[in-house]
Amino acid sequence: MLALEFLAGTAENLYPARMQMALSLGWHIVFACFGIAFPAIVVFTEWRGHRRDDAVLTALAHKWAKAMGVLFAAGAVSGTLLSFEMGILWPGLMGRFGEVFGFPFVLEGFAFFVEAIFVGVYLFGWNRLSPRAHMLSALPMVAAGIVGAFCVVSANAWMNNPTGFRLDEQGNVVDARPWAAMFGPSTWAQFVHMWLAAFMVTGFLIASVYAVGMLRGRRDHYHRAGLLIPLTVAAIITPVQIGVGDWIANVVADNQPAKLAAMEAQYETTAGAGLSIGGVYRDNELHYAVEIPYALSLLIHHDPDGVVLGLEEFPAGERPPVNVVHLAYNTMVGIGTALLGLAAWFGLVWWRRRRLPHTAWFLRAVAVSGVAAVVAMEAGWITTEVGRQPWIVYGILRTADAVSPAPGLGWGLVAVVGVYTVLTTFTVVVLRRLARDRATLAPQEGQR
Amino acid sequence: MTLAEVVLGAAFTGLVAYALFGGADFGGGVWDLLAGGTERGRAVRDRIERSIGPVWEANHVWLIFVFVVLWTGFSRAFAAAVTTLYIPLTLAALGMIARGAAFAYRKSVGTPGMQRFFGAAFALSSLLTPFFLGAVVGGVASGRVPPGIAEGDVVRSWVNPTSLLGGTLAVLVCAYLAAVFLCGDARRDGEHDLAEAFRLRALLTAAVTGAVGLAGIAVLRADAPVLFDGLTGRGLPVVLLSVAAGLAALGLLLVRRYTVARIASALAVTAILAGWAVGQYPYVLLPELTVDEAATGRTTLVALLTALSAGMLVLLPALVYLYVLFQRPADHRDRPGACH
């Protein structure tokens, strides 16, 4: 149904181009999370191992460093594809606005370059550097992760709330100010939200691997540490993320009211609006939803009688597809809340008894938390990206007007689907093998 | 020199770095492809793997660097070029994915069958990717990219004599650079047989590249007259420099002076690219769009230059550190958890 909605009345390239971009971004972002968060977790483990002279922790750090190498390689190649696609698929965006918001990608290029160099240094230098120099060589990766994430997210935040330029009467960009464009109203909230999400995804995913191991009876020091360290990181970050979620929802309400209305599937502008969970949006109405009275007004305005704008305020041609956005948003918040519960469970038992909860249900919960965190993050990106539609640059340029009219563009989607199916399969195969066999090498290491 | 020319010069420098480092990397894959059967080619393949393992990711960031500078500083021309040439560019991007993933994963998989499959994917995409990139350059250099979005012929813009020449030269240059770089690496590690084998490959590829380059003059004359005029006019000193550096590199290879041969080879390749740039100057997109017309606003260009200068201050020491460290052998210090 969704597909038909997009195909009708738009250029034939729009739908495949959007799906190709969504697939490429959705794939890359998982690996980008590891690029942002994994170095910090790995070097922390290495440092603990070194300080306590704990060979098990050092071995764990080395194993993770290798996995980081594989994940970084997958992230690097998928990121390269994105840099091609930006121009190939969306020339209307890059050709017209490249001078305004293309700039942070230059900074990101440097950040990525530095990270690529130090991933090589860190892995290759495992036996070649002193422990101290080796741990220090991880710090540029951590810094590059922060800078890179900020730059890429700031470009996306610009698409949500374009600033830093003027349009003349013909619609041409004049007076482009790229530094100002990087610091629009959405930038900080989006960046912090994504940076924390990277730590949640990485932390829960790694912990889930060791939870599976422990469920299979491997409860040694190695597996316990492999679960505890990343889970602690993720558990500390999760409550902070919920608070940041409130912040970003307010930013969206102020700057992109149509997106917020779609997230809540709210048609009528309402004072004292309730928060709707689930349901199907049809004919300007949400059916079968569970509603918590006044909750939306409370969340957005911190006032039970606050007025929340509905979709009716926007012309029909400027409303995002409601069901996708609403469902994605609910999924993200739902999973986030569940992860908060898991973090609280873990935190409480650890605080009172200094140990993990004994029940296997805890390990089962951790075992699924990784995939859940990934789904939540993807749902968040779907919320913000589909929620911006029909605009690629909010209020200024429609996605349909930005897509390339080149004939045959849709075959790119077929090719990318094929390549990513193969790539995903092999990434999983290699990571599994890396987990089983200690002698397996990461791509950046030399011969054994 | 205008501000726009400085920014374009920076992007061009990135392209040269990509041709030299990324090019050698692709070339390594080409020699992997031609190394023969699993047993016979093992020594060569191991050598190549050891040489490019830690640096291949960094080598390919140069291309991303070129892209982001172009789309920020020359947005419209960039959009025009990548939409008209989207087919070879997409193929090159997919080739990079196949190549990077196959290279990264092949030593992490167990069965010989899987290793052969990854090895073949790596080697084949190492051959095809530079060919497509060279074809893209050929399309731009022969004036087949009009300045509007997807205005050019999406097939004939890269299926034409100049693109065929560009693609072939790109593959040859990559293979040549790799062979020269690998001579030095092999000798450093005391593998004199391999050094000799790569020396022979380097000499052969140099001869073939020279022959194709000569034949290319006729192709350009017929197919890309504007570029031809530029190369034989204003660009002639650069072309001659390229020939001289190439001949010098040949001589140095013959007397086994590998380190200096690397420098001479790099100079020859840089001069080929510089010849293209000088021959095409002052146009970004032949035959009409000039550098200054294509450039974006002054504030953006200044921001770009600031970022590029600051970024290089961070990047260059890091790169030098990587290459220096990489020349250092493992000290086998028994670190807990180390697998070596």
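A:Asp175 is found in the loop of chain A that runs between β2 (173-174) and α8 (178-182), and I start there because its backbone deserves a look: phi of A:Asp175 is near 60°, a positive value in a residue other than glycine, while its relative accessibility of 38% makes A:Asp175 count as partly exposed. Please keep in mind throughout that this is a predicted model.

Just along the chain, A:Trp179 lies in helix α8 of chain A, and with a relative accessible area of 43% A:Trp179 is partly exposed. If we ask how far apart A:Trp179 and A:Gly395 are in sequence and in space, the separation is 216 residues along the sequence and 21 Å from C-alpha to C-alpha.

Staying with the backbone of chain A for a moment, the peptide bond leading from A:Gln389 to A:Pro390 is cis, with omega near 5°, and A:Pro390 sits in the loop between α14 (360-386) and β9 (391-393) of that chain.

Now to the surface charge of chain A, where two patches of opposite sign can be pointed out. The negative one brings together A:Glu268, A:Asp283, A:Glu285, A:Glu312 and A:Glu313; of these, A:Asp283 has its place in the loop between β5 (280-282) and β6 (285-287), and it counts as exposed because its relative accessibility of 70% is over the 50% cut-off. The positive patch is formed by A:Arg216, A:Arg218, A:Arg432 and A:Arg436, and here I would single out A:Arg436, which lies in helix α16 (residues 411-436) of chain A and, at 62% relative accessibility, also counts as exposed.

Let me move to chain B, which has 13 helices and two strands. Its radius of gyration is 20 Å, close to the 20 Å that the globule rule gives for 340 residues, so chain B is as compact as a globular protein of that length. Taken along the principal axes, the C-alpha atoms of chain B fill a box of roughly 60 × 45 × 35 Å, and 57% of the 340 residues count as buried.

Chain B has backbone features of its own to show. The peptide bond from B:Tyr281 to B:Pro282 is cis, with omega near 0°, and B:Pro282 is placed in the loop between α11 (258-280) and β1 (283-285). B:Ala150, in the loop between α6 (112-141) and α7 (161-188), has a phi near 50°, again a positive value in a residue other than glycine; B:Ala150 counts as buried, since its relative accessibility is 16% and the cut-off is under 20%.

In helix α7 of chain B we also find B:Leu165, which is buried, with a relative accessible area of 12%. B:Leu165 and B:Val269 are 104 residues apart in sequence, and their C-alpha atoms are 15 Å apart in space.

That brings me to the charged pairs. Side chains of opposite charge can pair when their charged atoms come close. Over all chains, a search of the whole structure finds 15 salt bridges, and I will take a few from chain B.

One of them joins B:Asp153 and B:Arg156, whose closest N and O atoms are 3.2 Å apart; B:Asp153 is partly exposed at 34% relative accessibility, whereas B:Arg156 counts as exposed at 59%.

Which parts of chain B does the pair of B:Asp185 and B:Arg262 link? These side chains meet in a salt bridge of 2.8 Å, N to O, and the pair links distant parts of the chain, with B:Asp185 in helix α7 and B:Arg262 in helix α11, 77 residues apart. B:Asp185 counts as buried at 8% relative accessibility, while B:Arg262, at 25%, counts as partly exposed.

The side chains of B:Glu196 and B:Arg256 meet in a salt bridge as well, at 2.6 Å from N to O. B:Glu196 lies in helix α8 (residues 192-223) and B:Arg256 in the loop between α10 (236-254) and α11, so this pair ties together parts of chain B that are 60 residues apart in sequence. Both ends are partly exposed, B:Glu196 at 31% relative accessibility and B:Arg256 with a relative accessible area of 34%.

Finally, salt bridges that share partners join B:Arg47, B:Arg50, B:Asp185, B:Arg188, B:Asp189, B:Glu191 and B:Arg262 into one network, and B:Asp185 and B:Arg262, the pair linking helices α7 and α11, are therefore worth viewing together with that network on the screen.

Definitions and conventions: Residues numbered from 1 in each chain as written. Chains lettered and ligands numbered in written order. Predicted model: local features only at pLDDT ≥ 70, side-chain atom pairs only at ≥ 80, totals over all residues. Heavy atoms only, no water. Patch = residues over 30% accessible without salt bridge, like charges linked within 9 Å, V, L, I, M, F, W, Y side chains within 5 Å. Areas by Shrake-Rupley, 256 points an atom, 1.4 Å probe, with all protein chains shown as cover. Salt bridge = Lys/Arg side-chain N within 4 Å of Asp/Glu carboxyl O. Lys, Arg positive; Asp, Glu negative; His and termini not counted. Charge placed at Lys NZ, Arg CZ, Asp CG, Glu CD. Helix = DSSP H or I, 4+ residues; strand = E, 2+ residues; numbered from the N terminus. Buried < 20%, exposed > 50% of the residue type's maximum accessible area, 1.4 Å probe, protein only. Rg over C-alpha atoms; globule rule 2.2 N^0.38 Å.
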